[in-house]
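Biologist: I am new to this one, so could you walk me through it, a step at a time?
Modeller: Gladly; let us put it on the screen and begin.

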Amino acid sequence: MRHLFEYIPPLRSDVFGFMDVLSRTNVYGLINDSSDYNNGTEYGGRHAARDYRIKVSRLRNEQTICGAADLLVSRAKDIAEKAPEYIFVAEGPAASMIGTDLDDVCRRIRRETGVGAKHVGINGHKTYDFGAAETLLCAAKCTSGGGVRRRGAVNILGGSTFDIGAENINAITELVRSAGFFPSVLTKGEKLPDFASAELSLVITAAGIPAAKYLKENFGVPYIAGLPIGKDNAENVINALKTGAAMPSRAPTAGGKKALIICEQFLANAMRDTLCGEYGFGTVIAASYLLMDDSFMQPGDRRLVSESELFELISSEKFDYIFADPMYKACWNNRGEWIKLPCKGFYCPTEKMPCLVGTMLNEWLDTELNGRR
Amino acid sequence: MNETEKETAKKRFTVYMGALSCMRHRGREFHELQSKGELAYLIMDEIDFITGSYLDELEQTVIEMYEKHKPDEICIAAGCQATLLSTDFEMIENELGHRLGVKVTFDRNCHLMGFRGKGGGHGGHEHGHGEGGRDRHGHGEWRRDRGGDMEKPRGWHGEHGEENR
């Protein structure tokens, strides 16, 4: 059954992606929902929710009849006292069924508080990366460019605490800086970067694609897409930033080991390039329950929807290695080797994602594959 | 074995139905139950709720899980959407219970309407498998005020004791 998950725990919803992006800005979030959101015990539990820059409307039954607009404006007035740069408004699944006109609510918030308000089109039904993508797109729409191009400025778009992790995002920022560029990246407590005035965008996960496309179409900011993990990948990304050349992609080759990688699409692609280019792997298939952009998929890659699809994929081929979080292990048939690639995208606690930027992926692969090859 | 222990020894299976955002509640606890084969998630999207197909999927899931796990009791935990759509909980309990020959209960876990149903809105797996109208620690009755918000019962300490809400 398509919606039944008997073995795999659920991934975080788009509202968590919204929260994650806002936690790295000076923007406040207002979520129209009936109960609170927090990242769970491993992130400090309920008490840590104070630091998320999020307020929940705490919808009750009278709003199902009278509408939630007044409640949301009232909550926005509380937020406005903290002088945020913007207020981004989103909604949870129950609220979305009531059907509040959030664009109109944003206009009222602007009029009554003087703080800019934007509606982010999420409703708690999709995965966290969709929420991160929509929120980043909304942040990109807040920038104007002012007609001046900042030489050497590179937008870093995508990445979240739940997929590649903050440590990798920081390491990528440093890598770009050390190559002589000025990274424009979301920073906690600081104003949104002027993405539109950058010279180039670097998209590091699929969640960054909508914002990068918007900046290209509206402000002529070109983008390159690739995650600089693995020795060759990092060199290719820096070379692409310097020359504007497209990122090379490795096609599967005959022979060699066969692997399946279940994780965020760009992370899987970068690992595939490294495994095929530097470790002699033949076929590497990327699969994900998260966003997968068609233009970055290779033959055999799978966008997963149901639990049964993962069972089928794993049993359909004889993989020598499966790189994935242990949460997916219940779908494994014990053939080949399972290599733990942590993902923080689940609601339940999981291990931390290792730092893999540049040669660190090679070091990690050397350790993980050592004795198994 | 006293009555409470007999009740606890019963094999219970929970089906947790709702949107992906609803699944944030009790992530760690529910995952533990899922790992033990005592819980399955039924993650619905907008289309399922709008078209009403969630009812068919729920019925199929309960039957499939009963046939697979043969529990003594099936508990269906549902989010706010099921309440908003005026789902006939009793009819589902009766029809499925009659068909399967086991007790089927609906745990109406609705923050929006201001009640936390049987089992305190957590599938009834903790603290004596839940009793209607009581909080998760078995303290006091929840009562609704006119605004729909809940009055906190004596001894209530959920605000700081609940981790994943």
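**Inside the model: spaces, cores and loops**

Biologist: What is the volume of the largest cavity?
Modeller: This is a predicted model, where local features need pLDDT of at least 70, side-chain atom pairs count only at pLDDT 80 or more, and totals for chains, interfaces and linings use all residues. Residues are numbered from 1 along each chain as its sequence is written, chains are lettered from A and ligands numbered from 1 in the order in which they are written, and side-chain values use heavy atoms, with hydrogens and water left out. On a 1 Å grid over the protein atoms alone, a cavity is a set of points where a 1.4 Å probe fits but cannot get out; points are joined across faces, edges and corners, and a volume is the space filled by probe spheres set on them. For the largest cavity that volume is about 140 Å³.

Biologist: Which residues lie closest to the centre of the largest cavity?
Modeller: By class, its lining has 13 nonpolar, one polar and two charged residues (Ala, Val, Leu, Ile, Met, Phe, Trp, Tyr, Cys and Pro count as nonpolar, Asp, Glu, Lys and Arg as charged, and the others, Gly among them, as polar). A lining residue has an atom within 4 Å of a point. Of the 16 that line the largest cavity, the closest to its centre are A:Ile262, A:Cys263, A:Glu264, A:Leu290 and A:Cys343.

Biologist: Which elements give two or more residues to the lining of the second largest cavity?
Modeller: The second largest cavity has a volume of about 110 Å³. Of its 16 lining residues, the closest to the centre are B:Cys22, B:Arg24, B:His25, B:Cys80 and B:His111. Helices (H or I, at least four residues) and strands (E, at least two) are DSSP runs, numbered from the N terminus. The elements that give two or more residues to this lining are α5 (93-98) of chain A and α5 (80-84) of chain B.

Biologist: Which residues are closest to the centre of the largest pocket?
Modeller: A pocket is an open set of points with protein on both sides within 12 Å along at least five of seven lines. The largest pocket holds about 680 Å³ of space, and its lining has 17 nonpolar, three polar and seven charged residues. Of the 27 lining residues, the closest to the centre are A:His125, A:Lys126, A:Thr127, A:Tyr289 and A:Val305.

Biologist: Which helix gives the most to the largest nonpolar core?
Modeller: A nonpolar core is a set of buried Ala, Val, Leu, Ile, Met, Phe, Trp, Tyr and Cys residues joined through side-chain atoms within 4.5 Å. The largest has 123 residues, and A:Phe88, A:Leu241, A:Phe323, A:Tyr328 and A:Leu341 have the most contacts inside it. With nine residues, the helix that gives the most to this core is α7 (residues 128-141) of chain A.

Biologist: How many residues are in the second, separate core?
Modeller: Nonpolar side chains tend to be buried together in soluble globular proteins. The second core includes B:Phe49, B:Tyr54, B:Ile92 and B:Leu96. Its size is 25 residues.

Biologist: Is A:Ile122 buried or exposed?
Modeller: A:Ile122 lies in the loop between β5 (116-119) and α7 of chain A. Leaving aside neighbours within four places in sequence, its contacts (heavy atoms within 4.5 Å) include A:Asp14, A:Phe18 and A:Phe130. Buried means under 20% relative accessible area, exposed over 50% and partly exposed in between, with a 1.4 Å probe and protein chains only. At 3%, A:Ile122 is therefore buried.

Biologist: What is the radius of gyration of chain A?
Modeller: Chain A has 13 helices and 14 strands, and its C-alpha trace spans about 65 × 50 × 35 Å along its principal axes. The radius is taken over C-alpha atoms, and the globule rule is 2.2 Å times the number of residues to the power 0.38. For 373 residues, a compact globule would be near 21 Å, and chain A agrees, with 21 Å.

Biologist: What share of the residues in chain B is buried?
Modeller: Chain B has seven helices and six strands. Its 165 residues include B:Arg26, which counts as buried because its relative accessibility is 3%. The buried share of chain B is 53%.

Biologist: What is the phi of B:Lys70?
Modeller: Most residues other than glycine have a negative phi. B:Lys70 sits in the loop between α4 (53-69) and β3 (73-78) of chain B. Although B:Lys70 is not a glycine, its phi is positive, at about 45°.
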